[in-house]
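Biologist: I should be grateful for a close look at one part of this model, followed by a connected account of its surroundings.

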Number of protein chains: 2
Amino acid sequence: MENTKKTTIHDIAEKLNVTASTVSRALKGNPRISDSTKKAVLKTARELNYEPNHIASALRSGRTQLIGMLVPTINRSFFSSIIRGVEEVANSLDYRVIVSQSNEVLDNEENAVKAFLNARVDGIIASIGKNTQQFDHYKQVLERGLPLILFDRTTPHLQTGQVVIDDYQGAYLATTHLLEQGCRKIAHFTTERKIDIYKERYRGYLNALQDYQVKPNEALVFSGNLQLEDGRAHTKALLRKGEAFDGIFSASDYAAMGAMQVLKENGLKIPEDVALVGFLNEPFTSFTDPPLTTVNQFPIEMGHTAANLFFHALNAEKKKIVPKKTVIQPELIIRASSLKKKP
Amino acid sequence: MENTKKTTIHDIAEKLNVTASTVSRALKGNPRISDSTKKAVLKTARELNYEPNHIASALRSGRTQLIGMLVPTINRSFFSSIIRGVEEVANSLDYRVIVSQSNEVLDNEENAVKAFLNARVDGIIASIGKNTQQFDHYKQVLERGLPLILFDRTTPHLQTGQVVIDDYQGAYLATTHLLEQGCRKIAHFTTERKIDIYKERYRGYLNALQDYQVKPNEALVFSGNLQLEDGRAHTKALLRKGEAFDGIFSASDYAAMGAMQVLKENGLKIPEDVALVGFLNEPFTSFTDPPLTTVNQFPIEMGHTAANLFFHALNAEKKKIVPKKTVIQPELIIRASSLKKKP
DNA sequence: AATGGATATGTAATCGATTGCGCAATTTAG
DNA sequence: CTAAATTGCGCAATCGATTACATATCCATT
């Protein structure tokens, strides 16, 4: 209904016999404009159902109020929760979030960043691909002076804001918990991937063992892709080898789930025979039987933090702030899969 | 490196001694430009590392290459998968996707739509809130002549493109499957919500019973919010009442999960004593014990379809096309929770 | 009365690309 | 060989808001 034409500041200006610049200033609360005209402008703006054209504003001012957000996979709980967290903060500040996914492919990653830049986003929040070793596309972002915040999957090759959880601590908590439950032969599922987070989890595992005077056993450490099938294969290998084990700390919930399946198929009791701990708090972990003990990464909070860092960097602009790195402390969610001693 | 200044079509024009309009046309492949100048333009564009400014283009042309996507909750598997599907198609056509979430709150929904319009998106793909009964904000989108595609949660109050799954058929398949497994006293978990999809599932349930000459029993139908706790409560109520039942078809996986928990807690065997079928194919359903039979809604494909409808509507523009409604056929995923007869 | 300084608003360029209109130059038709 | 059509490109306005700079008015100061 009403006019199909959108009203612009010129329409308001005409109606009030002032110029568009006055209207623009009035709408922005410029102190050089008298209160009376400000009021009048606001009033007719409302009457004419004025809505600012962000595109025109963006062209002139160079600020689009858009954040480009790049994740490996949109439809994975961890990432979609982070998107949610970012969206919540961005929305409250009248910013909007463009999402793209890389599917862990460098080419997609580069194209997405380029598309973001062409869309003239005000900055980028991203988690880098598993196999990405080349960071020129991100460097371009920084060279343009745009804020870049990395989360979860970060790299030391980029001097910029980062949000990660303390993977070491998460793994340490998980392993310590197994040790406290009486486990002494604890297997670990990890990956060869050159991502720091898995190295950190491995380190946490080793240090926990050390702190309990348990000698690490290389035969209990398995490397793969941390998917369900990997967990199944590792567990079968463990059983086949006859290597004694009474606990498994998997760096991924999926692999832990694979272990749970194979253990149950072989008539082993969880946690009595083998206690099990995963990592990431995937939504399914509370629904397994027994429910899976895991490490919560607080993804929504991670999204909030990433967004806050983003806006901090955005406001600092040229002031050359030192890139901030925020480390979120994980939480061990203890469920039945590892709880031998009833409290 | 290089210039910090972005190169524009004017820079290219200057270097070639032509005007910006010629450059613009050349880049767009306008047939009125000779092949030789086109080649020259392309060449220097590459040399100068030219990247088009979408904002400027958007202001003049009125097309932003942006799609506003509104979902109730970003971090739910069903919705994030649809976002993924939309993003895939949009990306391949050089469109970008802005996401927002309503959290099922009308106010958020209205604000998100308004924000999309202010960002001058080329159209909107949305799933309406559970409690939304007021559609003026969507009508404004249509009045502006922008494409609006609704998915999953739709309404007859809006004449526009829609993508839904055949909820009736999904429920019919599910219930028929239980009947074929020998169940005759099948409970149903549903909701009072005024959303068509649940009514359709109820209808599918009833019709399947009818086709098998099973008389519906009102005492076996439970209405709630379809969350885990609701499923638990309904199942406990069933057991308490002593109402005999040998199967449950839940309109949600979460409620089905609640049922599974309570049944197991009460020493009942699944599927021998009670066969169980859910709806939605939540990721956790394959990890429960026993794995949960459920109905696949093909969310990624639904996203693809929504995006395709969107672009169809976008290209049709003023040609006043009849709003298309696409119905996706669901698939029953049969797992151990309902499989009494081993095939 | 002349000068200075606020205060309030106007002028016009600008952001970068797009596009209707116009006009040469060249080709084709008759 | 001239008129008409086509080809290739320039001119300039435009999208809507922003902003550096200029200007006008009014009051206060000396």
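Biologist: In which loop is the place of B:Pro271?

Modeller: B:Pro271 has its place in the loop between helix H11 (253-265) and strand S9 (275-277) of chain B, where helices (H or I, at least four residues) and strands (E, at least two) are DSSP runs numbered from the N terminus. This is a predicted model, in which local features need pLDDT of at least 70 and side-chain atom pairs count only at pLDDT 80 or more, while totals for chains, interfaces and linings use all residues. Residues are numbered from 1 along each chain as its sequence is written, chains are lettered from A and ligands numbered from 1 in the order in which they are written, and side-chain values use heavy atoms, with hydrogens and water left out.

The bond that joins B:Ile270 to B:Pro271 is a cis peptide bond, with omega about 5°. In chain A, a cis peptide bond links A:Asp289 and A:Pro290, with omega about 0°; A:Pro290 lies in the loop between strand S9 (275-277) and strand S10 (294-296) of that chain. Most residues other than glycine have a negative phi, and most peptide bonds are trans. A:Gln65, although not a glycine, has a positive phi of about 60°, and B:Gln65 likewise has a positive phi of about 60°. B:Gln65 is placed in the loop between helix H4 (54-61) and strand S1 (66-71) of chain B.

A:Asp289 also takes part in the interface: its side chain meets that of B:Lys264 in a salt bridge (2.5 Å, N to O), the criterion being a side-chain nitrogen of Lys or Arg within 4 Å of a carboxyl oxygen of Asp or Glu. Across the interface of chain A and chain B the rule finds 2 salt bridges. The elements that give two or more residues to the side of chain A that touches chain B include helix H5 (77-92) and helix H11 (253-265) of chain A. H5(A) gives the most to that side, with 7 residues.

As for the whole interface, 46 residues of chain A are in contact (heavy atoms within 4.5 Å) with 46 residues of chain B. The area buried between the two chains is about 4200 Å², of which carbon and sulfur atoms give 57%; buried area is the accessible area (1.4 Å probe) that two parts lose on being put together, summed over both. Strand S2 of chain A and strand S2 (residues 96-101) of chain B pair in the antiparallel sense over 3 bridges, pairing being assigned if DSSP finds at least two bridges between two strands. Within this pairing, A:Val97 has B:Val99 as its bridge partner.
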